[in-house]
Every structure is written in C-alpha cells, then in structure tokens.
Amino acid sequence: MRLDPAAARRLFGAAAVARLATVSPAGRPHLVPVTFVLDSDASHGDHIYTAVDAKPKTTTQLQRLRNIQAHPQVALLADHYAADWTQLWWVRADGRAAVLDADAGAGALAGPLRLLAARYPQYAAQPPAGPVIAVRVDRWTGWAATARESATARES
C-alpha cells in the first residue's frame, strides 16, 4: 500500500536510524546510515537533521559533506524489516541539504543539536560538535505491506 505523506512522515519520524543518500562530485552514489531527528513545523515545513558526531571515523572531511556541497539534492530512507512480511514498510524523504557548521553561527547549530540530544541519550551525554546536515524535505514517499502499518502511522 502506498503511504500518504502524513503516514510516511510519522513512520519515518519514529525510526531509530535512516540511510542518507548523496551523490559525489563524480556522480557516484554514496549511502551511509545516520541518526536523525525530524522537525515538522507548519510554517517552515519538514526538516531532518543529522550531525557529525564522536563515533570513530577515518577522517573529519566526510564524503557526505563534500557530496552535499557539490550536489545538495539528497534522499533519506527509513524502513522496517520483519520475518512476517505483513509488517514491512519503507519511507523516503527527498530534499535539499545544507551543511551547518561554525560559519553558520552557534544559533544555527543549537536548535538541531538540542533536538538530537532530546532524541538520543548518547547525544545528551556527549553532544555532537557538528557540523549538522539540515535537509528541507520536498517530498515524502512510502510503502507498507498492509493497511495496518498505514493505520498505525496515522494513529501515532
């Protein structure tokens, strides 16, 4: 069953992790798992924030950040898999990303970092230094195997 945008948004927002898809300057796809927070505001639309955190990385010059600078169009995918295939669902958020760093000012980072810390206890204990990737969602799409998943999303 195709999900309407409101049901897709609710399922996505409840997911613990998503995958961020970007495109490299050479046109190659790049996909990484991310923690995130969804911020829905009637006057400003839906935004998804994810931060560069303290988890071990080989470099701070992350490919995803370079990709966004070159091609700001991104997609984020959240999904649920279960052995019972009637419980399957996936949701994709397509949008335009921007990298918020110290140059954007502390105010630009404070709100997203506060939202992330409220969602993930690990970030409350060890706040990410950033930068933050801010995605303005242009389109929600999704699918659920049954009407029950769609109804569950509407009740959330």
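These are my notebook entries on a predicted model of a protein.

**Ground rules**

I count residues from 1 along each chain as its sequence is written. Because this is a predicted model, local features need pLDDT of at least 70 and side-chain atom pairs count only at pLDDT 80 or more, while totals for chains, interfaces and linings use all residues, and side-chain values use heavy atoms, with hydrogens and water left out.

**Overall layout**

I started with the secondary structure and found five helices and seven strands. Helices here are DSSP runs of H or I with at least four residues, strands are runs of E with at least two, and both are numbered from the N terminus. Along the sequence I read the order as α-β-β-β-β-α-β-β-α-α-β-α.

Next I looked up burial: of the 156 residues, 43% are buried. Buried means under 20% relative accessible area, exposed over 50%, and partly exposed in between, with a 1.4 Å probe and protein chains only. The accessible surface comes to about 8600 Å², and carbon and sulfur atoms hold 57% of that. Those areas come from the Shrake-Rupley method with a 1.4 Å probe; for residues, only the protein chains shown count as cover.

I also checked contacts (heavy atoms within 4.5 Å). Among those between residues at least 6 apart in sequence, 69% join residues at least 24 apart.

**Aromatic rings**

How many aromatic pairs does the whole structure hold? My search gave three. Rings of Phe, Tyr and Trp (its six-membered ring) pair if their centres lie within 6.5 Å; planes under 30 degrees apart are stacked, over 60 edge-to-face, and the rest tilted.

Phe12 and Trp140 have ring centres 5.3 Å apart and planes at 65°, so this pair is edge-to-face. The two sit 128 residues apart, with Phe12 in helix α1 (residues 5-14) and Trp140 in strand β7 (residues 132-144). Phe12 is buried at a relative accessible area of 0%, and Trp140 is buried at 9%.

Tyr120 and Tyr123 make an edge-to-face pair too, at 5.6 Å centre to centre and 65° between planes. Both tyrosines are buried.

I noted that Phe36 joins Phe12 and Trp140 in one aromatic cluster. Over the ring of Phe36 sits the charged end of Arg119, 4.7 Å from the ring centre. That label applies if NZ of Lys or CZ of Arg is within 6 Å of the ring centre and within 35 degrees of the ring normal.

**The core**

Which residues have the most contacts inside the largest nonpolar core? They are Phe12, Ile48, Leu76, Val91 and Trp140, in a core of 41 residues. Strand β7 gives the most to this core, with seven residues. A nonpolar core is a set of buried Ala, Val, Leu, Ile, Met, Phe, Trp, Tyr and Cys residues joined through side-chain atoms within 4.5 Å.

I followed Val91 outward: beyond neighbours within four places in sequence, its contacts include Leu3, Phe12, Leu76 and Trp140.

Val132 lies in β7 and is buried at 0% relative accessibility. Leaving aside neighbours within four places in sequence, Val132 touches Tyr49, Ala98 and Leu109, among others.

**A hairpin**

Strands β1 (residues 18-23) and β2 (residues 29-34) pair in the antiparallel sense over six bridges; pairing takes at least two bridges found by DSSP. Leu20 has Val32 in β2 as its bridge partner. Five residues separate the strands of this hairpin, and Gly27 in the turn has a positive phi of about 90°.

Ser24 is in the loop between β1 and β2. Is Ser24 buried or exposed? Ser24 counts as buried, at 9% relative accessibility. Outside its neighbours within four places in sequence, Ser24 contacts Gln63, Asn67 and His71.
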